[in-house]
Amino acid sequence: MSDITDTSQQPDHPVGPATAFADAWEQTPSLEALRSLVRAGSRVRPAVARRSGLTETELVTLERLVEGPVGFAELARLLEVSTAAATGIGDRLEGHGHAVRRAHASDRRRVELHITDSGREEVLGHLMPMFRALAELDAGFSPEEREVVARYLDGARAALARAAEGTEGDVSADGRG
């Protein structure tokens with residue numbers, strides 16, 4: 001009898017509960033499409049930043065400013081940088097002509113960063129082809145189909161948020177846990 005063990009049936013990695021789940025998980029076309037979407041989405045911001053001559057952090061700041069003005073302390077929290085670093089980002093965006101500082105409307109001691117018309121055009125201009133394609137895609141769905149797609153994407157967003165936050169727990173079919 002030989003002491004040689006047949007390794008053809010042994011996995012290439014230790015099998016714990018996470019590995020067992022992943023190995024048994026059926027990758028449906030919707031899951032494969034979602035994974036592909038996430039990969040493609042992760043390439044958009046670096047590409048737009050590169051084309052616009054901005055850093056990704058500056059682009060994230062402009063994306064936030066499209067929603068409305070932001071104070072430097074809030075910007076620092078959003079970007080996970082110091083207030084001094086957020087101020088430097090604001091300085092660079094002002095240098096590009098994409099943002100301006102203004103006193104807060106109700107608290108004149110506070111200063112907010114506002115997007116300029118050129119800043120808005122910088123962000124939106126690079127994204128217009130994608131926006132047009134998405135609008136055309138969306139128009140091809142019925143309201144009922146859009147509701148299903150929205151429910152799926154909301155659930156996927158919740159799962160991604162949990163992974164980013166490091167929170168535990170199962171995600172239910174509606175993505176709310």
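**Salt bridges around Arg 101 and between helices α2 and α3**

Arg 101 is partly exposed, with a relative accessibility of 28%. In this predicted model, the Arg 101 side chain forms a salt bridge with that of Asp 91, at an N to O distance of 2.6 Å. The pair connects distant parts of the chain: Arg 101 belongs to strand β2 (residues 99-103) and Asp 91 to helix α5 (residues 83-96), the two residues being ten apart. Asp 91 has a relative accessible area of 41% and is likewise classed as partly exposed, because that class lies between the 20% and 50% limits.

Arg 101 also forms a salt bridge with Glu 94, where the closest N and O atoms are 2.1 Å apart. Glu 94 is partly exposed at 30% relative accessibility. Asp 91, Glu 94 and Arg 101 are thus joined in a network of salt bridges.

A further salt bridge is found between the side chains of Glu 63 and Arg 45, with N and O separated by 2.6 Å. This pair also links distant parts of the chain, with Glu 63 in helix α3 (residues 56-67) and Arg 45 in helix α2 (residues 29-52), 18 residues apart. Glu 63 is partly exposed, at 24% relative accessibility, and Arg 45 is partly exposed as well, with a relative accessible area of 33%.

With a cut-off of 4 Å between the side-chain nitrogen and the carboxyl oxygen, the count comes to six salt bridges. Among them are the pairs Arg 101 with Asp 91, Arg 101 with Glu 94 and Glu 63 with Arg 45.

Definitions and conventions
Residues numbered from 1 in each chain as written. Predicted model: local features only at pLDDT ≥ 70, side-chain atom pairs only at ≥ 80, totals over all residues. Heavy atoms only, no water. Helix = DSSP H or I, 4+ residues; strand = E, 2+ residues; numbered from the N terminus. Buried < 20%, exposed > 50% of the residue type's maximum accessible area, 1.4 Å probe, protein only.
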